[in-house]
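Biologist: Got a minute to go through this one with me? I'd like to talk contacts and pockets.

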Amino acid sequence: MALTARVVVEPMRIEDVPAVHEIERLSFRTPWPSYAFEQELRGNRLARYVVARAGDTVVGFAGIWVMVDDAHITTFSVHPDWRRQGIGRQLLLNLVELSIAIGARRMTLEVRDSNEAAQALYRSFGFEEAGRRPRYYSDDGEDAVVMTTPALSDPRMRRVLAAERRRLAG
């Protein structure tokens with residue numbers, strides 16, 4: 001789908017869960033059930049979730065858990081019809097800025113070994129491979145690549161964020 005409306009990233013609300021679950025269902029072989037998102041929003045004080053909205057339509061979402069000084073990306077997806085339009089970059093920039101604002105020192109995540117597009121996006125934001133989790137994914141036994149950022153206060157990260165802000169403004 002062509003990007004026709006300005007996309008904004010904002011906190012996820014309970015009323016967003018049906019649209020988020022639909023994207024989850026279209027994106028993952030073993031999707032989280034909708035009640036998991038509801039529980040995260042209502043009861044997990046470590047969790048922060050955002051949605052990307054084009055007009056009134058939720059087109060993507062992402063979430064982190066902040067544990068001590070680490071922001072761990074728990075979930076991240078863009079609706080298949082809205083991919084390759086910069087929405088993932090916008091979501092990731094928002095997550096990094098949110099992580100900095102709430103005091104995280106670095107970010108981590110796991111990503112499927114086969115998901116080269118996601119790995120490329122994360123690398124463009126300064127994430128580096130930190131290890132692997134063999135047979136991490138229960139649906140098919142695929143390995144996960146563990147990725148982490150340098151310190152979010154590192155000048156390299158500041159340059160990456162400034163460049164992404166310019167790209168999105170541009």
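Modeller: Sure. One cut-off before we start: a residue is called buried when its relative accessible area is under 20%. And keep in mind that this is a predicted model.

Biologist: Okay, so with that cut-off, is Tyr122 buried or exposed, and why?

Modeller: Tyr122 is buried, because its relative accessible area is 7%, and the limit is under 20%.

Biologist: And Phe127, buried or exposed?

Modeller: Phe127 counts as buried too, at 2% relative accessibility.

Biologist: How many aromatic pairs are there?

Modeller: The count comes to 6 aromatic pairs. Take Phe37 and Phe61: the ring centres are 5.6 Å apart and the planes are at 90°, so that pair is edge-to-face.

Biologist: Where do those two sit in the chain?

Modeller: Phe37 is in helix 2 (residues 34-43) and Phe61 is in strand 3 (residues 57-67), so to speak a link between distant parts of the chain, 24 residues apart. Both Phe37 and Phe61 are buried.

Biologist: What about the rings of Tyr122 and Phe127, how are they arranged?

Modeller: Their centres are 5.6 Å apart with the planes at 55°, so the Tyr122 and Phe127 pair is tilted.

Biologist: Which residues form an aromatic cluster?

Modeller: Trp32, Phe37, Tyr49 and Phe61 form one.

Biologist: And which residue lies over the face of Tyr137?

Modeller: That's Arg112, at 4.1 Å from the ring centre.

Biologist: Switching to charges. How many salt bridges?

Modeller: The count is 21 salt bridges. One of them joins Arg89 to Glu164, with the closest N and O atoms 2.5 Å apart. That pair links distant parts of the chain, with Arg89 in helix 3 (residues 87-101), Glu164 in helix 5 (residues 155-169), and the two positions 75 residues apart.

Biologist: Arg89 and Glu164, buried or exposed?

Modeller: Arg89 is buried, with a relative accessible area of 18%, and Glu164 counts as buried at 3%.

Biologist: What about a bridge inside a helix, say Glu38 with Arg42: how far apart are the closest N and O atoms?

Modeller: For Glu38 and Arg42 they are 3.9 Å apart. The two residues are 4 apart in helix 2, so about one helical turn separates them. Glu38 is partly exposed at 27% relative accessibility, while Arg42 is exposed at 61%.

Biologist: Which residues are linked in a network of salt bridges?

Modeller: Glu10, Arg13, Glu15, Asp16 and Arg53. Within that set, Arg13 and Glu15 form a salt bridge with the closest N and O atoms 2.9 Å apart. Arg13 is partly exposed, with a relative accessible area of 39%, and Glu15 counts as exposed at 55%.

Biologist: Now pockets. How much space lies in the largest pocket?

Modeller: About 1300 Å³. The largest pocket is lined by 38 residues, and the closest to its centre are Phe28, Phe76, Asn115, Ala118 and Tyr122.

Biologist: Ah, Tyr122 again. Which elements give two or more residues to that lining?

Modeller: Helix 1 (17-27), helix 2, strand 4 (70-78), helix 3, strand 5 (106-112) and helix 4 (116-124). Strand 4 gives the most, with 7 residues.

Biologist: And how do the lining residues divide into nonpolar, polar and charged?

Modeller: The lining of the largest pocket has 17 nonpolar, 12 polar and 9 charged residues.

Technical notes
Residues are numbered from 1 along each chain as its sequence is written. This is a predicted model: local features need pLDDT of at least 70, side-chain atom pairs count only at pLDDT 80 or more; totals for chains, interfaces and linings use all residues. Side-chain values use heavy atoms; hydrogens and water are left out. Rings of Phe, Tyr and Trp (its six-membered ring) pair if their centres lie within 6.5 Å; planes under 30 degrees apart count as stacked, over 60 as edge-to-face and the rest as tilted. Buried means under 20% relative accessible area, exposed over 50%, partly exposed in between (1.4 Å probe, protein chains only). A charge sits over a ring if NZ of Lys or CZ of Arg is within 6 Å of the ring centre and within 35 degrees of the ring normal. A salt bridge is a side-chain nitrogen of Lys or Arg within 4 Å of a carboxyl oxygen of Asp or Glu. On a 1 Å grid over the protein atoms alone, a cavity is a set of points where a 1.4 Å probe fits but cannot get out, and a pocket is an open set with protein on both sides within 12 Å along at least five of seven lines; lining residues have an atom within 4 Å of a point. Grid points are joined across faces, edges and corners, and a volume is the space filled by probe spheres set on the points. Ala, Val, Leu, Ile, Met, Phe, Trp, Tyr, Cys and Pro count as nonpolar, Asp, Glu, Lys and Arg as charged, and the others, Gly among them, as polar.
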